[in-house]
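This report goes through the pockets, the ligand surroundings and some backbone features of one protein model. Please look at the sequence and the structure before reading on.

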Amino acid sequence: MTVYTGYLAIHKFEAELERELEIRGLKVAMKKDRLYLVEGNHPQLIWAQMTAFDLEFINITSINDGAKKLKALGRNWGLFTVGHHRRAQLIQDELPKINKKPIPFRHALPSMPMGFWTLWGPDQMLATQKTSSPFALGEMDFQEDKEMPPSRAYLKLWEFFTVYAPEAIHGGVSIDVGSCPGGWTWVLRTLEFDKVYSVDKAPIEKRIMDLGRIDFRQESAFGLDPKNFEEIDWFCSDIICYPERLLNLVNRFREAGKVKNFVCTIKYQAETDWENTLKFLEIPGSRIVHLHHNKHEVTWFLKGANS
Ligand SMILES: C[S@@+](CC[C@H](N)C(=O)[O-])C[C@H]1O[C@@H](n2cnc3c(N)ncnc32)[C@H](O)[C@@H]1O
């Protein structure tokens with residue numbers, strides 16, 4: 001039986017996924033809507049909101065038969081429709097309900113696998129229980145804080161520390177570069193760091209400063225000298241700048257050997273800068289993901305840089 005890896009492109013970023021497939025030498029065997037199928041087993045890609053591994057075609061004789069076959073494979077199913085929408089929804093309605101409630105920051109991730117399925121033809125499903133995310137179609141939502149954070153950028157850091165760095169933080173130092181108006185600094189302040197350096201050419205909001213244990217520096221992050229800092233547990237950047245400039249800054253701090261962990265947003269202008277994105281990926285042990293809360297930008301991170 002032929003298996004496929006399914007890549008569900010992010011809405012409006014289909015061109016990025018297509019370019020990434022090309023760069024990785026992955027040939028698209030079939031495509032419907034935002035779903036790209038590549039024959040065989042392949043790794044997760046940055047510009048796929050969900051990667052579905054070991055996808056198989058399954059023939060069905062009725063709505064009941066479809067639901068029965070999916071239930072036999074697993075409990076949780078996220079549906080992406082590529083056609084036959086009503087029939088697909090009727091099958092989905094027969095399946096156990098999935099919890100789509102927004103979660104709090106740092107909430108434990110669902111432990112049950114989240115399957116992916118679609119009705120490819122009226123009598124043919126494509127399904128797998130092996131996917132890249134415990135959330136249906138890779139979409140996660142938070143119980144937002146509508147009062148404290150001065151911008152919605154905080155949701156990116158919430159998602160990062162919930163999904164990719166859920167380990168507890170006990171003290172230590174973090175630095176937030178490109179911090180104005182203060183959303184990320186606020187998130188870092190709510191974690192248990194002893195001290196948060198916050199750097200931007202523009203000031204952060206006073207009510208964030210008033211939280212205390214924040215050392216705000218109003219200057220360009222590109223002029224920072226790693227020598228002037230103690231050991232940094234988390235180096236966080238959400239600076240609006242060319243990826244190459246960010247890469248140089250990150251490399252300066254890496255070479256100084258002072259930083260344990262990095263999380264940085266790589267932001268793009270009109271075009272995605274693949275050249276520098278791939279240079280970030282060459283940094284050993286690091287990863288790039290497109291968070292659900294990222295737009296035309298991706299998140300690069302490196303944990304345990306000094307180990
Ligand atoms: C997207 S905003 C950051 C939002 C912030 N993370 C938050 O949660 O509120 C990008 C910031 O990068 C800052 N920036 C641009 N160039 C900079 C530089 N050379 N040094 C420091 N900050 C810079 C801008 O002033 C802007 O405040």
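## Lining of the largest pocket

Three elements each supply at least two residues of the lining of the largest pocket: strand 4 (48-59), helix 4 (154-164) and strand 13 (286-289). Helix 4 gives the most, with 5 residues. The model examined here is predicted.

In total, 35 residues line the largest pocket, and E159, H290, L291, H292 and H293 lie nearest its centre. The space in the largest pocket comes to about 810 Å³. Sorted by class, its lining has 17 nonpolar, 10 polar and 8 charged residues. The largest pocket lies between domain 1 (4-138) and domain 2 (154-302), because both domains give residues to its lining.

## The second largest pocket

The second largest pocket has a volume of about 460 Å³. It is lined by 22 residues, and those closest to its centre are N99, K100, K101, P110 and F135. By class, the lining of the second largest pocket divides into 13 nonpolar, 3 polar and 6 charged residues.

## Around the ligand

There are 19 residues around the ligand, of which S151, G183, D200, A221 and D238 come nearest. The shell around the ligand is made up of 8 nonpolar, 6 polar and 5 charged residues.

Which atoms of the ligand lie 3.1 Å from a backbone N or O atom of C180, and which lie 2.9 Å from one of A221? For C180, the partner is an oxygen atom of the ligand. For A221, the partner is a nitrogen atom of the ligand. A backbone N or O atom of I240 also has a ligand oxygen atom as its partner, at 3.4 Å. Taken alone, the ligand exposes 600 Å², and the protein buries 85% of that.

## Backbone features

Most peptide bonds are trans, and most residues other than glycine have a negative phi. Two places in this model depart from these patterns. One is the peptide bond that joins C180 and P181, which is cis, with omega about 5°. P181 lies in the loop between strand 8 (173-177) and helix 5 (183-190). C180 has appeared above, as a backbone N or O atom of C180 lies 3.1 Å from an oxygen atom of the ligand.

The other place is H84, which has a positive phi of about 50° although it is not a glycine. H84 is found in the loop between strand 5 (77-79) and helix 3 (85-93).

Technical notes:
Residues are numbered from 1 along each chain as its sequence is written. This is a predicted model: local features need pLDDT of at least 70, side-chain atom pairs count only at pLDDT 80 or more; totals for chains, interfaces and linings use all residues. Side-chain values use heavy atoms; hydrogens and water are left out. On a 1 Å grid over the protein atoms alone, a cavity is a set of points where a 1.4 Å probe fits but cannot get out, and a pocket is an open set with protein on both sides within 12 Å along at least five of seven lines; lining residues have an atom within 4 Å of a point. Grid points are joined across faces, edges and corners, and a volume is the space filled by probe spheres set on the points. Helices (H or I, at least four residues) and strands (E, at least two) are DSSP runs, numbered from the N terminus. Ala, Val, Leu, Ile, Met, Phe, Trp, Tyr, Cys and Pro count as nonpolar, Asp, Glu, Lys and Arg as charged, and the others, Gly among them, as polar. Domain bounds come from an automatic or database domain assignment. A residue is near a molecule or strand if one of its heavy atoms lies within 4 Å of it. A polar contact is a pair of N or O atoms within 3.5 Å; within protein, one must be able to donate a hydrogen and the other to accept it, and residues adjacent in sequence count only if both atoms are side-chain atoms. Accessible areas come from the Shrake-Rupley method with a 1.4 Å probe; for residues, only the protein chains shown count as cover.
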